[in-house]
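Here are some short exercises on aromatic rings and burial, each with a worked solution. Please keep in mind that the model is a predicted one.

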Amino acid sequence: MKIAGNDNNFLTIRHRSSTVGWGLSVLIFFSAFLTGNLRAQTSLGDLRSDFSREGNVILFSGEHADLQLQFCTPSIVRVRASWERSFDTAGKEWMLVENRWAAVNMELHETDQELIVDTGELVVRVKKYPLSVEFRKPDGTLLNTETILETPSAGGMKKQGEAVWVQKKLLPEEHFFGFGERMDFVDQRGKKIQLNVGRGTGRPHIVGAYNILEANYAPVPFFMSTRGYGIFFPHALCNRMGYGTHPGKQLLV
């Protein structure tokens, strides 16, 4: 994972084919499945048909890809996108110990513009045009959103070639911690991170032969936000993240 950032308020997280004085209330999984080597940047697109639900899983079919929400518990949801329109991961769940979950009670409310899923501990709002996801606490407090600069198409899950990413709004005073063993900073807001085993490159005069700011011997694709949520990427691929690297208010993963 590579995180890049200044204080431009955008968070970007990419990957190729995430004891302080606040509590973690929501855990989010992100996964994506690719197809082809298209050069153009492709989003999920608008919702093209009614959503479907089977137990804890809700499926949305977009113009270019499918979006799936799997509720593991009332406060843990897995978000997946597939440009192949298939979510078959049999034998590939190396990062998850448990993938069988008890039934989650939820209330669904649909409008012309969105589907609202309320579990009592988490409210997920899926925007239809284009498909994007927003998370809130039951009291309405915003956890994170893919609506950036009031431009619906700016955020959300996208792909280009073999890279997939999700763009979310970086909220004021939001800070990020985690990522496994780090030798650079505790708070990664405004920083660059690449989650991949290595010692870094270059020969900084102060720290010696390797770049200690890039060294990473035990990367973990999980981070927590001071907003009260965490995001985990259940795969072992190299990831890049940017917490404030693009103009505006964006988190790019």
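**Exercise 1: the aromatic pairs**

Three aromatic pairs are present in the structure. Classify the pair of F51 and F60 by its geometry.

*Solution.* Start with the centres: the rings of F51 and F60 lie 6.0 Å apart, centre to centre. Pairing requires centres within 6.5 Å, so the two rings qualify. Next, take the planes, which are 40° apart. Stacked needs under 30 degrees and edge-to-face over 60, so this pair is tilted.

Now add the surroundings: is each ring's residue buried or partly exposed? F51 has a relative accessible area of 22%, so F51 is partly exposed. F60 has 2% relative accessibility, so F60 is buried.

**Exercise 2: a pair across the chain**

Describe the pair of F179 and F223, then place both residues in the chain.

*Solution.* First, the geometry: 5.7 Å centre to centre and 25° between the planes make this pair stacked. Second, the location: F179 belongs to strand β15 (residues 176-180) and F223 to strand β17 (residues 219-225). With their positions 44 residues apart, the pair links distant parts of the chain. Third, the burial: F179 is buried at 1% relative accessibility, and F223 is buried at 0%. Finally, look for a cluster: ring pairs join F176, F179 and F223 into one.

**Exercise 3: the whole chain**

How many helices and strands does the chain have, and what share of the residues is buried?

*Solution.* The chain has zero helices and 20 strands. Of its 253 residues, 48% are buried. As for the surface, about 12,300 Å² is exposed, and carbon and sulfur atoms supply 50% of that area.

Methods:
Residues are numbered from 1 along each chain as its sequence is written. This is a predicted model: local features need pLDDT of at least 70, side-chain atom pairs count only at pLDDT 80 or more; totals for chains, interfaces and linings use all residues. Side-chain values use heavy atoms; hydrogens and water are left out. Buried means under 20% relative accessible area, exposed over 50%, partly exposed in between (1.4 Å probe, protein chains only). Helices (H or I, at least four residues) and strands (E, at least two) are DSSP runs, numbered from the N terminus. Accessible areas come from the Shrake-Rupley method with a 1.4 Å probe; for residues, only the protein chains shown count as cover.
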